[in-house]
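Dear colleague,

Here is the structure I promised to pass on. Please look it over before reading my notes underneath.

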Amino acid sequence: MSASTDPLDAVVVGAGQAGLSTSYHLSRLGLDHVVLDAEQGPGGAWQHRWDSLTMDDVHGVADLPDGPAPGRGGERANVVIPRWFGDYERRHDLPVVRPVRVTAVEDDGDLLVVRAGGRAWTTRTVVNATGTWSRPFVPHYPGQETFRGEQLHTVDYPGAEHFRGKRVLVVGGGASAVQLLGEIALVTDTVWVTRSEPVWRDFSSGEFDGRAAIGLVADRVRDGLPPRSVVSVTGIALREQEQEAARRGAYDRRPMFARIEPHGVRWADGSSETVDVILWATGFRPAVGHLAPLGLRTPHGGIRLLTSSTDVQSATTAADDPRVQLVGYGPSASTIGGNRAGRAAALAVQRQLRDDTRVA
Ligand code: FAD
């Protein structure tokens, strides 16, 4: 299937916080673009978050440009944020097309071709804003396939009631593991395992240097390493909602087990735990498989970005192809980061188009 002949200035892939911010700024710059999003409706990954995650539970959602974020409260985040994004798309007349799942971005000389099934768009630049939610990561442990109980990932979390009466092993040391334990430990018996000792932080103490932490994530993408989550360098905190689970001992972690058996897990020292459920809160990987034809991945498995030492969250340009921007990737993988990166990416697109014209 051939692509349309009239090339766009940019195709944005993904309509989460990062994609919407990018589209807003591209529109302000007068750049001709579309936003292709795989979902049926607005909301990015937020529409798939579990029902018990309320606006009081989220860590904090940054404003969109000219679009103040909804406040806190007991309403479900998977309702409030999709509604906010939908209003935002309409108010700013953003050119979102859905559902379109991009399957490949190909190099076509001076242009790029973005493919989705039988459809294709030609464009001068691509801004990738696909997040991570569609690529849940589950590590492999010996014996995993022999487990007779239930295994699920954060993306499948059905709410704490599902686990009542079952013994639940939660794997992972990030914010999701902490939140899910905070709920599940109130209704049933839990065991927590993490690869390394969690870094507990008191974010209210003022000692924490968030900029420096995000700088560590930026260093990895500059070096072409797979990005780590921002939480992996900021550490985690127990909030009011998790205090009761903490009192019940839910956060007394054990180190990672060595193998999985039909009825539980076993550590290298021979000790074991019998469990009914393994809940893998083991994170996500960037959803960038459709960029594979461009050959941007380094042998280390990441995509190298050009980073500046002054504003690491504005690192968006692929070092090996400046026609491609990545937002919500590496140091910008948070709502505030996605927002800033959206502006930086739109400006980088504008620069790229000017450079193109100069060459031509
Ligand atoms: P997403 O919101 O994931 O949007 C990506 C969009 O791209 C989706 O609509 C997806 O369907 C689409 N897409 C993916 N692949 C394709 C494709 N091939 N073709 C077309 N479309 C595609 N951050 C915070 O700052 N505060 C929080 O409180 C917070 N809570 C979190 C809670 C959980 C459980 C998790 C997992 C993350 C949380 N984060 C939080 C991180 C946060 O989700 C992200 O930083 C931010 O919302 C991601 O925005 P995004 O635009 O990068 O991606």
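Below are notes on the core, one enclosed helix and one glutamine.

This is a predicted model, in which local features need pLDDT of at least 70 and side-chain atom pairs count only at pLDDT 80 or more, while totals for chains, interfaces and linings use all residues. Residues are numbered from 1 along each chain as its sequence is written, and side-chain values use heavy atoms, leaving out hydrogens and water.

The largest nonpolar core (buried Ala, Val, Leu, Ile, Met, Phe, Trp, Tyr and Cys residues joined through side-chain atoms within 4.5 Å; buried is under 20% relative accessible area, 1.4 Å probe, protein chains only) has 53 residues. L20, W46, Y157, V170, I184 and L279 have the most contacts inside it. Helix α2 (77-91) gives the most, with 6 residues; helices here are DSSP runs of H or I, at least four residues, numbered from the N terminus. Domain 1 (10-134 + 285-359) and domain 2 (144-200 + 236-280) both contribute, so this core lies between them; the bounds come from an automatic or database domain assignment. A second, separate core of 24 residues includes L36, V105, W121 and I303.

Helix α3 (residues 175-184) is largely enclosed by the rest of the structure, because 9 of its 10 residues are buried. Among them are Q179, E183 and I184.

Q17, in helix α1 (residues 17-28), is buried at 7% relative accessible area. Its side chain reaches the backbone oxygen of A62 at 3.0 Å. Beyond four places in sequence, Q17 is in contact (heavy atoms within 4.5 Å) with residues including W84, F85 and N339.

Regards

Technical notes:
Buried means under 20% relative accessible area, exposed over 50%, partly exposed in between (1.4 Å probe, protein chains only). Helices (H or I, at least four residues) and strands (E, at least two) are DSSP runs, numbered from the N terminus. A polar contact is a pair of N or O atoms within 3.5 Å; within protein, one must be able to donate a hydrogen and the other to accept it, and residues adjacent in sequence count only if both atoms are side-chain atoms.
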